[in-house]
Structure formats: structure tokens, C-alpha cells
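Biologist: I would like a close look at one part of this model. Please keep the answer plain and go step by step.

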Amino acid sequence: FDKLAFVKELESSLELTENQKGVTASLYNEADGLNEELNFLSAYFDDAGLNKGIVSDLKIDLTNGNIEGAILKIEGVKQFVTAHQAELVAEGMDAGYAGVLDTYKTSLTAKNTQQNAIMNSRKELTDRNIGHYEELKKMIRKIMRNGKLVFANSIVKDEYTSTKVVQRMR
């Protein structure tokens, strides 16, 4: 049972999972904030007579949680805003709006990178521990099989049947 004690002490992914939940919530809150901000930009595009399809595509990515796609599209929108700044400012857009988009892009990129790093850490942890869990599972199967053979004609046999053990645990 040294393996059981060893497995009990293995590093848990709980902390990583909780970290990931926090980063993901922050990432999606910021994406929602940008999405709301883009409603104004879309109105400026309409008022200036510009095609707002590029803004709509970005909003769709944000709504669907496609953060990486949105990050790529932010740069295109920023370049378009910069190219048509005079027309958009005339319709009420702040002259520094390209900088606002750049700030969102930087922040979303950082949070997305952090989220990816946490997911990679969880995968590495799982990959590191899976062998130990598999060894323990083999040992348990062997004990269950042998227990059923030894106690075949006894009520104790149920203690070596995995479905019965699980039922008792619930």
C-alpha cells in the first residue's frame, strides 16, 4: 500500500483549476467590456458611412469566446480606425480610440497567455501523475480479482466487487 500513500500525496490540480477559473472570468469580463465599447464604435462607423463589418466580426468573436481570433481582429480594427480617424472623430469618436483598442489587445493577450500557461501546467501535472494512478488502479484490480476468488462463497465477496464498494461509499 505504499503506492496508495504516495498517490494520496500527489500534487492536486485544484489550485490550478481555481486559478484558471479566476483568469478565465477576468478574461471574459474584459472581453464583455470591449464588446460593449465596440457598440459605440459601430455607431461611429454607421454615422461616418463606413462598413462596420470588421467591427461586427470582432464582436462575434468576443461573444463566442474566441479570444485569440478577437485579438487578431483588434489589430485590424485599430488600423482601420487609424486610417479613418478624421471621419470617425467628426462623428464623435475620441481621437485616442486606437490607443483604447491597443490597451484591450495588450490586456486580453496577457490574460489569454496566462490562461494558456495554467492549462499547460494542468496538462503537465496530469501527465506526470497519470502513471502513478494507473499503477494504483492495476493494484486495486488485482486485489479485487483475488479477493473475489478467495471469498467466492462468502458474503465478504461483495467487498471485492467494485460496483458494491462504490455503492457503499455513496
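Biologist: Which residues in H4 meet which residues in H6?

Modeller: First, the ground rules. This is a predicted model, in which local features need pLDDT of at least 70 and side-chain atom pairs count only at pLDDT 80 or more, while totals for chains, interfaces and linings use all residues. Residues are numbered from 1 along each chain as its sequence is written, and side-chain values use heavy atoms, with hydrogens and water left out.

Now the contact itself. From H4 come Ile-67, Glu-68, Ile-71, Ile-74, Glu-75, Val-77, Lys-78, Val-81 and Thr-82; they meet Ala-98, Leu-101, Asp-102, Lys-105, Leu-108, Thr-109, Asn-112 and Asn-116 of H6. By class, this contact has eight nonpolar, four polar and five charged residues. Contact means heavy atoms within 4.5 Å. Nonpolar covers Ala, Val, Leu, Ile, Met, Phe, Trp, Tyr, Cys and Pro; charged covers Asp, Glu, Lys and Arg; the others, Gly among them, are polar. The helix labels are DSSP runs (H or I, at least four residues; strands are E, at least two), numbered from the N terminus.

Next, the geometry. Two packed helices are described by the angle between their axes and the distance between the axes. H6 spans residues 97-150, and its axis comes within 10 Å of the H4 axis, crossing at roughly 165 degrees. Each axis is a line fitted to C-alpha atoms, for helices over the stretch in contact, and angles run from 0 to 180 degrees between N-to-C directions. H4 and H6 are therefore roughly antiparallel (over 145 degrees; under 35 is roughly parallel, 65 to 115 roughly perpendicular, the rest oblique). H4 passes H6 in a left-handed crossing. Left-handed means that the near helix is turned anticlockwise from the far one by less than a right angle; clockwise would be right-handed.

H4 also packs on H2. H2 is residues 14-48 and H4 is residues 67-83; their angle is about 30 degrees, with axes 13 Å apart. H2 and H4 are therefore roughly parallel. This crossing, too, is left-handed. On the H2 side are Leu-27, Tyr-28, Ala-31, Leu-34, Leu-41 and Phe-45, which meet Ile-67, Ile-74, Val-77, Phe-80 and Val-81 in H4. The residues here divide into eleven nonpolar, no polar and no charged. Ile-67, Ile-74, Val-77 and Val-81 appear in the H2 contact and again in the H6 contact.

H2 has another partner, H3 (residues 53-63), at an angle of about 165 degrees and with the axes 10 Å apart. H2 and H3 are therefore roughly antiparallel. H2 passes H3 in a left-handed crossing. Among the H2 residues that meet H3 are Ala-31, Leu-34, Leu-41 and Phe-45; the H3 side includes Ile-54, Val-55 and Leu-58. That contact has nine nonpolar residues, four polar and one charged.

Three residues add detail on H2 and H6. Asp-46 sits in H2. At 44% relative accessible area, Asp-46 is partly exposed (buried is under 20%, exposed over 50%, partly exposed in between; 1.4 Å probe, protein chains only). Its C-alpha atom lies 9.3 Å from that of Glu-91, 45 residues apart along the chain. Thr-113 is in H6. Thr-113 is partly exposed, at 48%. The C-alpha atoms of Thr-113 and Leu-136 are 35 Å apart, with their positions 23 residues apart along the chain. Val-150 is also in H6. Val-150 is exposed, at 63%. From Val-150 to Tyr-160, ten residues apart along the chain, the C-alpha separation is 9.8 Å.
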